[in-house]
Amino acid sequence: MAEAALSAAVSPPSVAVPAPLPVRVVLPWALFVGLLALIALYFVGAEQGATSLFAGSGVHEWVHDGRHLLGFPCH
């Protein structure tokens, strides 16, 4: 009898389930973040030499350590 009272008094906590996000809300942000990632990858990985958008080596010097960290050769 004590077991029945104990099991009735102790109920498992309810778990809040988040509402699913519609794709039309997430897609613009995913595209924006993807575009920013591609731009960052270009500047870190390919902004030098023939594909350079800016003259000089300023961008290369700013991202030099990031190039080595990500495994891009630069010299």
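**Note on aromatic contacts and surface character**

1. Tyrosine 42 has a relative accessible area of 23% and is therefore partly exposed, since that class lies between the cut-offs of 20% for buried and 50% for exposed residues. The model under review is predicted, and every value quoted in this note is computed from it.

2. The structure contains 3 aromatic pairs. One of them joins tyrosine 42 to phenylalanine 43, with the ring centres 5.3 Å from each other and an angle of 70° between the planes. The pair is classed as edge-to-face because planes over 60 degrees apart fall into that class.

3. Is phenylalanine 43 buried or exposed? With a relative accessibility of 22%, phenylalanine 43 is in the intermediate class, partly exposed. This residue also pairs with phenylalanine 54: the ring centres are 6.0 Å apart and the planes meet at 20°, so this pair is stacked. The two partners are 11 residues apart, and their pairing links distant parts of the chain. Phenylalanine 43 belongs to helix α2, whereas phenylalanine 54 sits in the loop between α2 and α3 (58–62).

4. Phenylalanine 54, for its part, is partly exposed at 46% relative accessibility. A single aromatic cluster is formed by Tyr42, Phe43 and Phe54.

5. Helix α2 spans residues 23–45 and also holds phenylalanine 32. Which residues make up the nonpolar patch on the surface? The patch consists of Trp29, Phe32, Val33, Leu35, Leu36 and Ile39, and their accessible area together is about 630 Å². Phenylalanine 32 has a relative accessible area of 43% and so counts as partly exposed. Its 43% also satisfies the patch criterion, because patch residues need over 30% relative accessible area.

6. As to the fold, the secondary structure amounts to 4 helices and 0 strands. In sequence order the pattern reads α-α-α-α.

7. Of the 75 residues in the chain, 11% are buried. The accessible surface of the chain is about 6500 Å², and carbon and sulfur atoms account for 74% of that area.

8. The contacts between residues at least 6 apart in sequence were also examined: 19% of them join residues at least 24 apart.

Notes: Residues are numbered from 1 along each chain as its sequence is written. This is a predicted model: local features need pLDDT of at least 70, side-chain atom pairs count only at pLDDT 80 or more; totals for chains, interfaces and linings use all residues. Side-chain values use heavy atoms; hydrogens and water are left out. Patches are made of residues with over 30% relative accessible area and no salt bridge: like charges are joined within 9 Å, nonpolar side chains (Val, Leu, Ile, Met, Phe, Trp, Tyr) within 5 Å. Accessible areas come from the Shrake-Rupley method with a 1.4 Å probe; for residues, only the protein chains shown count as cover. A salt bridge is a side-chain nitrogen of Lys or Arg within 4 Å of a carboxyl oxygen of Asp or Glu. Helices (H or I, at least four residues) and strands (E, at least two) are DSSP runs, numbered from the N terminus. Buried means under 20% relative accessible area, exposed over 50%, partly exposed in between (1.4 Å probe, protein chains only). Rings of Phe, Tyr and Trp (its six-membered ring) pair if their centres lie within 6.5 Å; planes under 30 degrees apart count as stacked, over 60 as edge-to-face and the rest as tilted. Contact means heavy atoms within 4.5 Å.
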